[in-house]
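Q: I would like a close look at a single part of this model, and then at some other sites. Please keep the sentences short.

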Amino acid sequence: MRIGFALPQFHRQAHGIARTATFASEVEQAGAASLWVGDRNLAAVRPSVGYGGRGNTIPAEFNATTDPFILLGIAASATRNVLLGTHVLVAPLYPPVQLARSLTTIDLVSGGRLLPGFGVGWSPEEFRAAGVDFARRGARMDEVLDALEAIWGGDTAEYHGTQLSVPLHHTPLKPVQRPRPPIYLGALSERALRRVARRADGWLPVCVVPGHVDIDGLLAQRALLDELAVRAGREPAAIDTVLRVNIDAGTGTAEVADTIRRVHERTGIEHFMVDSMYAVDTVDGSVEHARDVLERVATG
């Protein structure tokens, strides 16, 4: 198995981001396979839609947030081997030229270790702040992906869709990973899984520990994804999975490790990303949490 960890980015950990390089280096030395960032543009005071698209509240943990691209750049410079992932960037919020430039830079700095993961987002206020139509975010996601393909293609590129237009421009600087970095997508609904099946290199599901981790649900979603991939003319095995494990406050590392092992045994998922934002307040505490999880998973 490969175990990765979220970089200190949100809530109280955000106040310790000056130690991002130390966190990245020490967690890599402890045996982590990957380091990850998320993406929150803002947390609305009076949200019209709540976290995950449910209710009308957003956890206080999202009130303080730091820039995902800068953190990944710092982690890239402080490490040698770990993958550097985004779980997830809200891709429709970004102009594709700027998104491609940032991701290309990180892939080059890291020597080809970038694993970009995208989602369509759920916060209308985030889209309003970016001047983007929330109601058409799914279609915009498809166009962002098309534009990235074009920009990462030849030495010049242009793209013209219904929502996005990129003029013909020079694009000689490319990522290390060719023809492009692997694209992972977050997806829960059948519509979103269909997009994964058609065009993604990987799928990014989520579970929460403690409580009931719905392994049967994960298996059912993966079975549907595989079926959709076959319909799209693709080999299901070509679509990887990285499972995000969100840790609630008060959860011991033994329970985290046990959950990872159980999910692995039943689903075959090999790559997990652990986020301690809700459970650990400090960067140093997050380093120790990561070390303990890695040791417990390794020792069984």
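Which polar contact does the side chain of Thr20 make, and with which backbone oxygen?

A: This is a predicted model. The partner is Ile17: its backbone oxygen lies 2.6 Å from a polar atom of the Thr20 side chain. Thr20 itself belongs to helix H1, which covers residues 20–30. The relative accessibility of Thr20 is 0%. Buried means under 20%, so Thr20 counts as buried. Beyond its neighbours within four places in sequence, Thr20 is in contact with Leu7, Pro8, Leu71 and Ile74. Together, then, Thr20 has a polar partner in the backbone of Ile17 and contacts that include Leu71 and Ile74.

A second threonine can be read in the same way. Thr259 sits in helix H8, residues 253–267. Its relative accessible area is 3%, so Thr259 is buried. Leaving out residues up to four places away in sequence, Thr259 touches Val209 and Val213.

Next comes a loop residue. Asp133 is found between helix H4 (124–130) and H5, in the loop that joins them. Its relative accessibility is 39%. Exposed would need over 50% and buried under 20%, so Asp133 counts as partly exposed. The side chain of Asp133 has a backbone partner too: one of its polar atoms lies 3.0 Å from the backbone nitrogen of Ala135. Along the chain, Asp133 and Pro92 are 41 residues apart. In space, their C-alpha atoms are separated by 9.2 Å.

The loop leads on to a helix pair. Two packed helices are described by the angle between their axes and the distance between the axes. Here the pair is H5 (residues 137–151) and H6 (residues 190–199). Their axes come within 12 Å and cross at roughly 15°. Angles under 35 degrees count as roughly parallel, so H5 and H6 are roughly parallel to each other. The crossing of H5 and H6 is right-handed. On the H5 side, the contact is made by Gly138, Met141, Asp142, Leu145, Asp146 and Glu149. On the H6 side, Arg195, Arg198 and Arg199 take part. By class, the residues of this contact divide into 6 charged, 2 nonpolar and 1 polar. Among the charged ones, H5 brings Asp142, Asp146 and Glu149, while H6 brings Arg195, Arg198 and Arg199. Met141 and Leu145 of H5 count as nonpolar, and Gly138 of H5 counts as polar.

How values were computed:
Residues are numbered from 1 along each chain as its sequence is written. This is a predicted model: local features need pLDDT of at least 70, side-chain atom pairs count only at pLDDT 80 or more; totals for chains, interfaces and linings use all residues. Side-chain values use heavy atoms; hydrogens and water are left out. Axes are lines fitted to C-alpha atoms, for helices over the stretch in contact, and angles run from 0 to 180 degrees between N-to-C directions. Helices (H or I, at least four residues) and strands (E, at least two) are DSSP runs, numbered from the N terminus. Angles under 35 degrees count as roughly parallel, over 145 as roughly antiparallel, 65 to 115 as roughly perpendicular and the rest as oblique. A crossing is left-handed if the near helix is turned anticlockwise from the far one by less than a right angle, and right-handed if clockwise. Contact means heavy atoms within 4.5 Å. Buried means under 20% relative accessible area, exposed over 50%, partly exposed in between (1.4 Å probe, protein chains only). A polar contact is a pair of N or O atoms within 3.5 Å; within protein, one must be able to donate a hydrogen and the other to accept it, and residues adjacent in sequence count only if both atoms are side-chain atoms.
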